[in-house]
Amino acid sequence: MIHIDLLIVGAGPAGLMAAKEAGTAGANVLLLERSHVPGGQLVKQTHMFFGSEEQYASYRGFDISEILLDEIKKLPNVKLALNATALAVYDDGIWAAEMDGASYTKILPKAVIIATGAGEKSLAFPGNDLPGVYGAGAVQTLMNQYGIKPANRVVMLGAGNIGLIVSYQLLQAGVEVLAVCDGSPRIGGYLVHAAKLRRMGVPILTSHSVKQAAGQGRLETVVLWELDKAWQGIPGTEKVYRADVLCVAVGLSPLSELLRQAGCEMVYVNTLGGYVPYRDSFLATSRENIFVAGDVAGIEEASSAMVEGRLAGLSAAKFLGLSTPDFNAKRNDCMTQLESLRSGHAGERILSGLAQAVIGS
Amino acid sequence: MVKTADIVIVGGGISGVSIGYFLLKYGAKNVVIIERDFLASGATGRCGAGIRQQWGSPLNCIMSKFSCEFFETAVDELGFDGDIEFHQGGYMMLVTTEKELAQTKKNVALQNSLGIGTKLITPSEAKALAGPLNTEGLLAATFHDRDGHLNPFTTTRAFADAFVRLGGKVYTNTSITGIRTSNGKITGVDTNRGSIATNTVVNAAGGYVQNIADMVGIELPLYSKRHNILVTEPVERVLGPMLMSFSLNFYCQQTPHGSFLMGRTCPDQPRDLRITADSRFPVAMAKTIVKVLPQLKNLRMLRQWAGLYNMSPDNHPIYDQVPGLEGFYLSAGYSGHGFMMSPATGQSMAELILGLPATLPWGQLGFSRFTEGNTIHEPSVV
Amino acid sequence: MLEKTGVPTQSEIESVFPSDERLSKGPVAVIECFQSIPCDPCATACPRGAILPFADINDRPVIDNDKCNGCILCMTKCPGLAIMVVDITWSQDRALIKMPYEFRPLPDVGQTVQALDREGTVVAEAEVIRVQYNKSMNKVPIVSIAVDKQLVKTIRNIRTICDTPTTATHTAIQEEAQDTGIVCRCNDLQLAEIRALIAKGYTTIAELKQMARLGMGPCQGRNCLPVVVNELSRALGVPVAELPVGSFRPMVKSIYLGDLAGYEEQGEN
Amino acid sequence: MAIDEKSHILFTKPLHQTPMIYYHSTNTDINLKGDYMRISAHPILDFERGTQVSFTFDGVQVSAYTGETIAAALYAAGYRTLANSPVRHRPRGFFCAIGNCSSCMMVVNGNANVKTCIELVQDGMIVETQRGKGTL
């Protein structure tokens, strides 16, 4: 049994920031990362980040990951475990984990931060299980993490930021992007991303979705069609593409199993991506020693995840009795940053979602 | 919701739906099942669903033989349009101590005398029947090829569908909020969806029978305790029989889906109504099973859960009218065997409630056995 | 239109371009940032202070065209690659456009490349005048091209390898009417099967788990549940938030029984 | 031994009896094969490959680099089909590539149900297409 002050699950942008902040405050931290590389989704983000200087704007995601890791390495009281997956949480406060991909252990932490991130949503359409129909994030992993060209010709389903960014990255890897389509009548992602694709000659078809994927044993053909106002396909509007990969980028869903097992009270908030925990504005859940940060608390940009990670790290340190003299200043800074990241047009949806999930303070 | 009923059954687990089915089969009318959540949402949906006739008391042998034979033809008898997945791969009980061997020999003789064809087999015969079995330390085993296991969800549906077809009514997502009595007699039940006037209530609420009895201020000689189970990822079939051992403290089956499902008796289990997962169980279970079935070390555990055993002082159920309250029947305290005995439960309770001649020895299972010193000894209980 | 197509209209482009008078004075940055988003690196990127400070991170950039000298510093800081520099004074008949170009191969100086408009359509040929790329540039190469002056508001991209892009074909393909798409990969459940069970009265996640092993496979329901809760919501006319979700049980990830059995601890039972 | 094909679903008639077609795992596309698939020139990223190793896939030698997952190495070698689905026996490739789903499960060194999108290659590994549920 491992006895530890703070267990952090997930070494993505939120978990890394949380570890840095709580570690700086003096907590003994065990940071679990299920992958063999830390950084979560940062490692495959080749684009420059939006946001502000405090959230490493203009840096590329994989560079941010390196910066954060370097800072964590300076903290001897923070242990990062790779190939380490949190498996379960029990009502006696014990957490189970698989360590080094092969051994089982139990952990009794005084406090926990869940920063497990999100998984890609799927969509049911004929042929959706053919080899060649992949999550957009999966293609990004293959391409940007392992350096493997995923396809010759791609159709992208989804014009949110992920669909747009991955499409652009596909072009950078030398892949032809035949079309980006989205069921919505408007482009959901940032328009600067859309503009980058359009001037490369990639069509963006709003009010379009996939009718069918087809092929003998693997994807060969993608049929798109136009949707009416009720999001139903309009016969006769089909467009057929010879593609070897169809990327599905229809949104993310928080990976909240551990929060469920822990008995944290949850709420379904569509604009936050699905079921998220009730939390106070400092990211404490309904279980007093469990905190959340990042996409598992609601789907947002990585910049918000980093600030949330920092805030959760501060909250957990305070819970552990480790708050430093500058605690209030740091916490206020986090709150100000989050407020500013969520203040614009794009933040309206997030704020309306948070209004349903944040209780008390 | 109906306003009146001849009989209200509380609980939509396997016992409740079986009682309901047998009541209608033997001529009862206006029978209603009230289920707090959905069918099989309690212990039924959480149980191992093993079916065996290998017991050490004549009563259990008779009850289980009736039940097993019922399950063999249940799809036809109940007119079910699905599959209850009765895998009759046999049930093999492993014997590892001399004391256990002596008791086992007595049990086999008893079973054979009651028409149950259990065989005492050698370790190598056991190995031939269960390939992955490690026979080290094994003295002998018993095997009965008509035992096996079922799918508890579809079996419950099979009873429930037949019950509804015969005119019964099932109200799910409906909670009993009170029981009305007058002059020592049941007069009705209140639910969150309305009241039903009735003179007969059958408490078949499984782990929660005391909660129902509390509504009429009756203390039952029963308690509920947690029992843990885990299941693995599915693989193609390698294990035919269901395995069990008292001395090794485990049972394990490979379901028709391919997953291995296993449980064991853990000490220090809470005796409240908690059914959260036990942090100690996976390791203890894994240590046990990899000794018995070494190949399983290369199989992954998928999930664990827990359910409630409703325990009675002598590990046998109570089928009786509750003394002092006319029309209040109890069917509970199965002590971990409620699923496999459910056809006998239905038959017995129907005979009891409808005043029919007893074809099963349920007369021994009344409350009076505890006060009159006639408790039943079963030497073969996990 | 921009929100629907990703391409700004002519008037939107005009709105961010400096006046003809300013253009005639020499190189100047043009920022095509039409949407208010939380992003502000450009506001601090200019050492001359030509991009006005933001009151809010969601502000859209405003350039003081008198301070801007058309250098490239802000271009490499913009995560949206929304900034270019135009210089109509570069030669008598041609204008110079500097633009970020994050692709390989980079063009060679002197090479003739295709010049594309904001929809990726080839509108002219352009000569590559300069390719700037060094470590301080945050992996954003800047390519300068010379184009016909008339086209400074039209050209926004280049293509270095000139092949014909594939377009949609209209070959009829066999419709597989029975295939409604997989919802659960672990147990191979199709959407139609889930819908049939819902129609039969299994209207909770817990019951679908029991009857079809939905969500009971090695992925622990991560992939199917978000799809199925929406199906249930639609079929029952109940918001997802009001549907019961069923239980979430250990483990999050399958683990070998052998690994579990290898764990040693005092006090296990 | 065969598992009852209908056992996964209890009330719906199978939508269509899927024949037991095992899609050829050696179905590779010449244009999507070999080191051509490994990106060498990228505007943003430099890929540092590990040391070259080899493993077998359904008996065929496949070369890979340490640090790659099995699924990534097979993809680079032109293989798209990793498994036949458990009930309908449809061809399956990976889907999520980060261990969230079960689409990429293969038989590795005799163990079934290995998520190859997160399992790293090792020299000499024996990787096989998983057909159905796999064997113990």
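In chain B, residues 24 or more positions apart account for 74% of the contacts with a separation of 6 or more. The model behind this figure is predicted.

Stay with chain B for its overall build. The secondary structure of chain B comes to 10 helices and 19 strands. Its radius of gyration is 20 Å, and the globule rule gives 21 Å for 382 residues, so chain B is as compact as a globular protein of that length. Its C-alpha trace spans about 65 × 40 × 40 Å along the principal axes. Burial adds to the picture: 57% of the 382 residues in chain B count as buried.

Now turn to chain C and one of its sheets. Strands of a sheet pair through backbone hydrogen bonds, either parallel or antiparallel. Here the pairing is antiparallel, in an open sheet of seven strands. Read across chain C, the order is β1-β2-β3-β6-β5-β4-β7. Two strands of chain C form the edges: β1, residues 28-31, and β7, residues 157-159. Each of these edge strands pairs on one side only. Neighbouring strands of this sheet are turned against each other by 40 degrees on average, direction ignored.

Follow the sheet to its β7 edge. Which strand does β7(C) pair with over three bridges? The partner is β4 of chain C, residues 112-116, and the two run in the antiparallel sense. One residue of each strand helps to locate this pairing. L116(C) stands opposite N157(C), which lies in β7(C). L116(C) belongs to strand β4, whose residues are 112-116.

Conventions: Residues numbered from 1 in each chain as written. Chains lettered and ligands numbered in written order. Predicted model: local features only at pLDDT ≥ 70, side-chain atom pairs only at ≥ 80, totals over all residues. Helix = DSSP H or I, 4+ residues; strand = E, 2+ residues; numbered from the N terminus. Rg over C-alpha atoms; globule rule 2.2 N^0.38 Å. Buried ≥ 20, exposed ≤ 12 C-beta atoms within 10 Å, placed from the backbone. Contact = placed C-beta atoms within 7 Å. Pairing = 2+ DSSP bridges. Axes fitted to C-alpha atoms, helices over the stretch in contact; angles between N-to-C directions.
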